[in-house]
Amino acid sequence: MNPIGENVKLNERPGTKRKRPDIILPIVTLVLITIGTVMIYSSSSILASEKFLDEYYFLKRQILYVLLGLGAMVIMSKFPYYYWKKVAYVGMFASIVLLSLLFVPGMGIKAGGATRWLSIGGFSFQVTEVVKVALVIFLAHYITKKIGHVKKFSRIFVVPLSVTAVVVCLVLFQPDFGTSVIIVMVAMIMFYLAGSRVLHLTMLASLFVPVAVVLVLNESYRVQRWLSFIDPWKDPTDSGFHIIQSFLSFGSGGTFGVGIGNGMQKLFYLPEPHTDFILSVIAEEGGFIGVTIV
């Protein structure tokens with residue numbers, strides 16, 4: 001039997017001594033959560049005061065989700081990793097169902113030209129965040145089962161790539177090109193770590209890249225984003241405005257930053273300073289050192 005298979009079997013035996021958790025992982029997680037929470041308040045207080053008449057609006061939401069997330073993390077840590085194989089297929093099926101529900105009138109929430117959020121019973125969430133976790137669990141379980149055939153293309157790639165393709169197509173329909181690319185990259189990395197042939201992965205990449213190029217060229221807004229990224233100063237007041245303001249944030253921060261709370265670009269210059277452009281705020285207020293730490 002292969003070494004990986006033996007390890008899995010040993011870990012499943014009752015009474016097997018569990019290893020101590022890796023302390024580095026929770027420390028890094030807590031540091032990022034702390035930095036994120038501080039910067040959420042710093043970047044959103046003015047916006048929240050203007051929009052919701054409560055400077056702590058986004059901070060309170062963030063703290064609530066932090067507590068929920070930490071609670072979930074503690075609970076999940078009590079389950080040995082191999083328990084999750086029991087929900088691998090169910091989780092993947094549920095993810096596909098949730099992605100499909102986005103297109104049901106009244107359930108999918110459209111914002112910014114895309115339908116990415118699902119509303120169920122007054123609670124809304126971004127489906128792709130659930131899908132990413134479910135896909136990793138599914139791929140890990142499937143590849144482990146087929147680890148003895150990891151060098152054989154038909155035995156290791158066909159089923160997981162078919163499932164991944166269904167997920168990617170549903171995500172593209174939202175549309176969400178960026179998340180689709182991330183999902184494909186995660187799948188490729190997992191195959192690589194499992195020991196798949198580099199030749200097989202190269203062949204797949206040679207197929208994916210042209211498809212990605214075609215998808216970009218077929219949508220004018222994607223082409224415009226690329227052109228704006230290459231030369232934002234060509235249209236500084238419209239398509240290039242966001243990138244230029246982000247550059248100003250990074251440049252203003254210098255090495256050590258202007259200090260937490262003292263940034264200027266978050267004052268209605270940067271769009272979505274507490275979400276999409278929060279790294280720009282960190283760059284301005286924490287400088288090169290702050291960005292490097294993150």
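**Entry 1: terms and overall view**

I count two residues as in contact when they have heavy atoms within 4.5 Å of each other. The model I am looking at is predicted.

I began with Leu99. Leaving out residues up to four places away in sequence, I find that Leu99 touches Val127, Thr128, Val131, Val167, Leu170, Val171 and Gln174.

I then looked at the protein chain as a whole. I list twelve helices and three strands for the protein chain. The C-alpha trace spans about 60 × 50 × 45 Å along its principal axes. Of the 294 residues in the protein chain, 31% are buried. I also looked up contacts with a sequence separation of 6 or more, and 59% of these are between residues 24 or more positions apart.

**Entry 2: nonpolar cores**

I looked next at the buried nonpolar residues. In soluble globular proteins, nonpolar side chains tend to be buried together.

The largest nonpolar core here has 31 residues. I note Leu99 again, as one of the residues with the most contacts inside this core. The others with the most contacts are Val127, Leu139, Ile143, Phe157, Val167 and Phe191. I asked which elements give two or more residues to this core. They are α4 (88-101), α5 (127-145), α7 (158-172), α8 (177-194) and α9 (198-217). The helix that gives the most is α7, with seven residues.

I also found a second, separate core of nine residues. Among them are Met39, Ile40, Ala48 and Ile278.

**Entry 3: the strands**

I followed the three strands through their pairings. Strand β1 (residues 108-111) runs antiparallel to β2, and four bridges join them. Within this pair, Lys110 stands opposite Thr115 in β2. The hairpin of β1 and β2 has two residues between the strands, and Gly112 takes a positive phi near 65° there.

Strand β2 (residues 114-120) is also antiparallel to strand β3 (residues 123-126), again with four bridges. I looked up the bridge partner of Trp117 in β3 and found Gln126. This hairpin, too, has two residues between the strands. In the hairpin of β2 and β3, Gly121 takes a positive phi near 60°.

**Entry 4: helix α12**

I checked the length of helix α12 (residues 278-293) against that of a straight helix. Its 16 residues would reach 22 Å if straight, at 1.5 Å a residue, but the end C-alpha atoms are only 14 Å apart. I then looked for a bend and found a kink of about 130° in α12, centred on Gly286.

Which residues of α12 are buried? I list Ile278, Ser280, Val281, Ile282, Ala283, Glu284, Glu285, Gly286, Gly287 and Gly290. Gly286, where the kink is centred, is thus on the buried list. The cover over the buried residues of α12 includes α2 (24-52) and α11 (241-253).

**Entry 5: salt bridges**

I searched the whole structure for salt bridges and found four. I wrote up three pairs.

- Asp54 and Lys60 form a salt bridge, with the closest N and O atoms 2.7 Å apart. I note Lys60 as partly exposed, at 49% relative accessibility.
- Asp176 and Arg116 meet through their side chains in a salt bridge, at 3.8 Å from N to O. Asp176 is in the loop between α7 and α8 and Arg116 is in strand β2, so this pair ties together parts that are 60 residues apart in sequence. Is Asp176 buried or exposed? The relative accessible area of Asp176 is 6%, under the 20% cut-off, so I count Asp176 as buried. Arg116 is partly exposed, at 28% relative accessibility.
- Lys266 and Glu285 form a salt bridge, with the closest N and O atoms 2.8 Å apart. This pair links distant parts of the chain, with Lys266 in the loop between α11 and α12 and Glu285 in helix α12, 19 residues apart. I find both Lys266 and Glu285 buried.

Definitions and conventions: Residues numbered from 1 in each chain as written. Predicted model: local features only at pLDDT ≥ 70, side-chain atom pairs only at ≥ 80, totals over all residues. Heavy atoms only, no water. Pairing = 2+ DSSP bridges. Expected span 1.5 Å × (residues − 1). Bend = angle between axes of the 7 residues up to and from the residue. Buried < 20%, exposed > 50% of the residue type's maximum accessible area, 1.4 Å probe, protein only. Core = buried A, V, L, I, M, F, W, Y, C linked by side-chain atoms within 4.5 Å.
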